[in-house]
Amino acid sequence: MVDWSPIAKLYDPLKAGSIDGTDVEPHDRAVWRAMGARYKPNKGVVGDPLLTLFVARLNPQTTEEKLHQVFSKYGDIQRLRLVRDIVTGFSKGYAFIEYKEERSVVRARRDANKLLVEQHEVFVDFEQERTLKGWVPRRLGGGLGGKKESGQLRFGGRDRPFRKPINLGVGPVQERAGGGGGGGGGREWDRPGPRDRENRNREAEWGSRGRRDDRDRGREREDRRHGDRSRNRDRR
């Protein structure tokens, strides 16, 4: 059994820059930068990292009071820090929330992710800086997730998990053939997605359309031959 996981257990900038974690060469300059970074977690950050959540994609106008109001319903909050620009004081759109109990962290991560807060759908996950070994932040070319427009997507996190490599060696067909009674082929990442089915349907559509076009062209040639014979007979 190949040890594979859609979520990174160790942060590797090269793998994070690959959709399936199999790249052997960096594909953008930011990955190069992250690979050469020697980042150490901020020693000024206090609190228990295992009880801390990372909350991102916040409305720039969202305040600490609003965050406390929203997230306190999942449990007692020990500490809340909305990250702000040190010069302007404006929110950077993300925050860290430490709870007093582990069950509160689990509940908030499960239920608050994609919650609409002041017209913004927020992203919620465990803190990575002090819990994921090898972590490199976004500003140094690392991080997780990201937007397509940036051209610097990072995989292996909750937002963008790794896709299972097709050459992993233990695919759904082999698992079914080998038995094992575990039903391993039924895992979500083994199933063809909507895009795969769409592509197959599109190929089938184009194939049938091509066959129809060939038949139509054949009929047109046959009609022209009949027309030529009729004109020859009329001339005689």
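These are my notes on a predicted model of one protein chain.

**Entry 1: overall make-up**

I began with the inventory. The protein chain holds 6 helices and 6 strands. Reading along the sequence, I noted the pattern α-α-β-α-β-β-α-β-β-β-α-α. I then looked up burial for the chain: of its 236 residues, 31% count as buried. For contacts between residues at least 6 apart in sequence, I found that 61% join residues at least 24 apart.

**Entry 2: the sheet**

Which strands form the open sheet, and in what order? I read the order as β2-β3-β1-β6, with antiparallel pairing. The edges are β2, residues 77-84, and β6, residues 123-126, each of which pairs on one side only. From one strand to the next, the twist averages 20°.

I looked at one pairing in detail. Strands β2 and β3 (residues 91-99) run antiparallel and are joined by 6 bridges. Following Leu80 across to β3, I found Ile97 as its bridge partner.

**Entry 3: helices on the sheet**

Next I checked what packs on these strands. Helix α3, residues 64-71, lies across β1 (52-56), β2, β3 and β6. I noted its direction as about 140° to β2. Helix α4, residues 102-112, also packs on the sheet, where it touches β1, β3 and β6. The direction of α4 makes about 150° with that of β6.

**Entry 4: nonpolar cores**

I recorded 19 residues in the largest nonpolar core. Those with the most contacts inside this core are Val55, Leu58, Phe71, Tyr99 and Val124. At least two residues of the core come from each of β1, α3, β2, β3 and α4.

I took Tyr99 as an example and set aside its neighbours within four places in sequence. The remaining contacts of Tyr99 include Leu51, Leu53, Phe71, Tyr74 and Ile77. Ser104, Val105 and Ala108 are also among them.

There is a second, separate core of 7 residues, and I listed Ala34, Ala37, Trp135 and Val136 among its members.

**Entry 5: helix α2**

Ala34 took me to helix α2, residues 29-36, where Ala30, Val31 and Ala34 are buried. Why do they sit on the same side of α2? They cover an arc of only 100° around the axis, so they share one side of the helix. I looked for what this buried side meets: the buried residues of α2 pack against α1 (13-16). On the face turned away from the buried side, I found the exposed residues Arg29, Trp32 and Gly36.

I also inspected the start of α2. There, a side-chain oxygen of Asp28 comes to within 3.0 Å of the backbone nitrogen of Ala30.

**Entry 6: His120**

The last residue I looked up was His120, which is found in strand β5 (residues 120-121). Its relative accessible area is 28%, and because partly exposed covers values between 20% and 50%, His120 counts as partly exposed.

I then asked what His120 touches, not counting residues up to four places away in sequence. I found Arg57, Leu58, Asn59, Pro60 and Leu115. For one of these, Arg57, I compared sequence with space: His120 and Arg57 are 63 residues apart in sequence and 6.9 Å apart, C-alpha to C-alpha. Another of the residues touched by His120 is Leu58, which I had already listed among those with the most contacts inside the largest core.

Notes
Residues are numbered from 1 along each chain as its sequence is written. This is a predicted model: local features need pLDDT of at least 70, side-chain atom pairs count only at pLDDT 80 or more; totals for chains, interfaces and linings use all residues. Side-chain values use heavy atoms; hydrogens and water are left out. Two strands pair if DSSP finds at least two bridges between them. Helices (H or I, at least four residues) and strands (E, at least two) are DSSP runs, numbered from the N terminus. Axes are lines fitted to C-alpha atoms, for helices over the stretch in contact, and angles run from 0 to 180 degrees between N-to-C directions. Contact means heavy atoms within 4.5 Å. A nonpolar core is a set of buried Ala, Val, Leu, Ile, Met, Phe, Trp, Tyr and Cys residues joined through side-chain atoms within 4.5 Å. Buried means under 20% relative accessible area, exposed over 50%, partly exposed in between (1.4 Å probe, protein chains only). The arc is that of the directions from the helix axis to the C-beta atoms. A polar contact is a pair of N or O atoms within 3.5 Å; within protein, one must be able to donate a hydrogen and the other to accept it, and residues adjacent in sequence count only if both atoms are side-chain atoms.
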